[in-house]
Amino acid sequence: MVRRLTYMASMVIAVLGFVFSLGCVSDRSRNHIAWEQSRIVDLTHSFGSNTIVWPTEQDFRLVVQHAEDTPNGFYYASNRVEMPEHGGTHIDAPIHFSKGKQTLDQIPIEQMIGAGVRIDITEQCAHDRDYRVVISDFERWEAEHGRIPNGAIVLLDTGYARFWADRKDYLGTDLRGQEGVRELHFSGLDPEAAAWLVRERRVKAVGIDTASIDFGQSTKFEAHVALLSQNVPVFENLSDLHDLPARGFDVVALPMKIDGGTGGPLRIIAVVSPVP
């Protein structure tokens, strides 16, 4: 039995290694992932009663349907999940802000797996809740860490994940409905910087640890349009980006595959390569 489990584990590692080789091609200076020494970082907030959603959306609900011992002698549990597509840690499919573009089920799996970089803008965001990440932030990062590889998945660390579960601190308001939307204050990505990532670095995807890739006071959602119109998906409400290095990790972002979806819940992890 032990021999069989060891063989199965080896097969899983081999398959995962092959999957990650798809992402590693964008940064050829890195070695193939050594899975046994790698560190896994979960970038996903748990879904529950405190999951944060947009002020106009309904809250996440886990409805218990069964939780009992059956007459046949076994225990049986089953729940029903109720939630918006764009709540909690989730993905925005291109069609979310661009007519005729990819729905969630149409995004190639390779688009959501690849070499990642973490852009630390926590200091800027700590001084300005409405801060927008600009091109010079990327240029400063590159001056210290090297060029953002073509085809990378760019993760923006604003530091807002530390506010998770407190709506007022995270969103800037705990109001709901359109009144709440008008009072949103959190950091995002400047539209010109979004377009730069697409044009100059040909990124696969962009993620952020706030409720939207556009800053809270946006009314035109231009960063969304700049990315999604080019079939670059967006990951929002990410967790624990502070646990990642600036580079040297891979991202696996696997959403629920919803036919025709504009977005959906996302389980996203980072695999941090061992230091040579």
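Student: What phi does glycine 146 take, just after H3?
Tutor: Glycine 146 takes a positive phi of about 95°. Before we go on, note that this is a predicted model, where local features need pLDDT of at least 70, side-chain atom pairs count only at pLDDT 80 or more, and totals for chains, interfaces and linings use all residues. Residues are numbered from 1 along each chain as its sequence is written, and side-chain values use heavy atoms, with hydrogens and water left out.

Student: Where do the names H3 and H6 come from?
Tutor: Helices (H or I, at least four residues) and strands (E, at least two) are DSSP runs, numbered from the N terminus. The protein chain has 7 helices and 12 strands.

Student: Why is arginine 201 called buried?
Tutor: Buried means under 20% relative accessible area, exposed means over 50%, and partly exposed is in between (1.4 Å probe, protein chains only). Arginine 201 has a relative accessible area of 9%, which is under 20%, so it is buried. Its place is in helix H6, residues 191-201. In the whole protein chain of 276 residues, 49% count as buried.

Student: What is arginine 201 in contact with?
Tutor: Contact means heavy atoms within 4.5 Å. Leaving aside neighbours within four places in sequence, the partners of arginine 201 include Glu142, Arg147, Asn150 and Trp196. Glu142 is itself one of the buried residues of H3.

Student: Which other residues of H6 are buried, and what do they pack against?
Tutor: Along with Arg201, the buried residues are Ala193, Ala194, Trp196, Leu197 and Val198. The buried residues of H6 pack against E6, H3, E7, E8, E9 and H7. Just after H6, arginine 202 takes a positive phi of about 50°.

Student: How do you know that the buried residues of H3 line one face of the helix?
Tutor: In H3 (residues 135-145), Asp137, Phe138, Trp141 and Glu142 are buried. Seen down the helix axis, these buried residues fall within an arc of 135°, so they line one face. The arc is that of the directions from the helix axis to the C-beta atoms. An α-helix has 3.6 residues a turn, so residues three or four places apart point the same way. On the other side of H3, Ala143 and Glu144 are exposed.

Student: What do the buried residues of H3 pack against?
Tutor: Their partners include strand E5 (113-120), helix H2 (122-127), strand E7 (153-157) and H6.

Student: What makes the link between histidine 86 and threonine 262 a polar contact?
Tutor: A polar contact is a pair of N or O atoms within 3.5 Å; within protein, one must be able to donate a hydrogen and the other to accept it, and residues adjacent in sequence count only if both atoms are side-chain atoms. The two side chains come to 2.9 Å, which is within 3.5 Å, so the distance fits the cut-off. Histidine 86 is found in the loop between strand E3 (75-82) and strand E4 (90-92).

Student: Why does histidine 86 count as buried?
Tutor: Histidine 86 counts as buried because its relative accessibility is 14%, under the 20% cut-off.

Student: Why is leucine 175 called partly exposed?
Tutor: Its relative accessible area is 32%, which lies between 20% and 50%, so leucine 175 is partly exposed. Glutamate 183, at 37%, counts as partly exposed for the same reason. Leaving aside neighbours within four places in sequence, leucine 175 is in contact with Pro55, Arg167, Gly180 and Glu183. Leucine 175 and proline 55 are 120 residues apart in sequence, and their C-alpha atoms are 7.0 Å apart in space.

Student: What makes asparagine 237 stand out?
Tutor: Asparagine 237 has a positive phi of about 60° although it is not a glycine. With a relative accessible area of 3%, under 20%, asparagine 237 is buried. Phenylalanine 221, also not a glycine, has a positive phi of about 50°.

Student: What makes a space count as a pocket?
Tutor: On a 1 Å grid over the protein atoms alone, a pocket is an open set of points where a 1.4 Å probe fits, with protein on both sides within 12 Å along at least five of seven lines; lining residues have an atom within 4 Å of a point. The second largest pocket has a volume of about 200 Å³, the volume being the space filled by probe spheres set on the points, which are joined across faces, edges and corners. Of its 15 lining residues, the closest to the centre are Trp54, His86, His96, Ala211 and Glu236.
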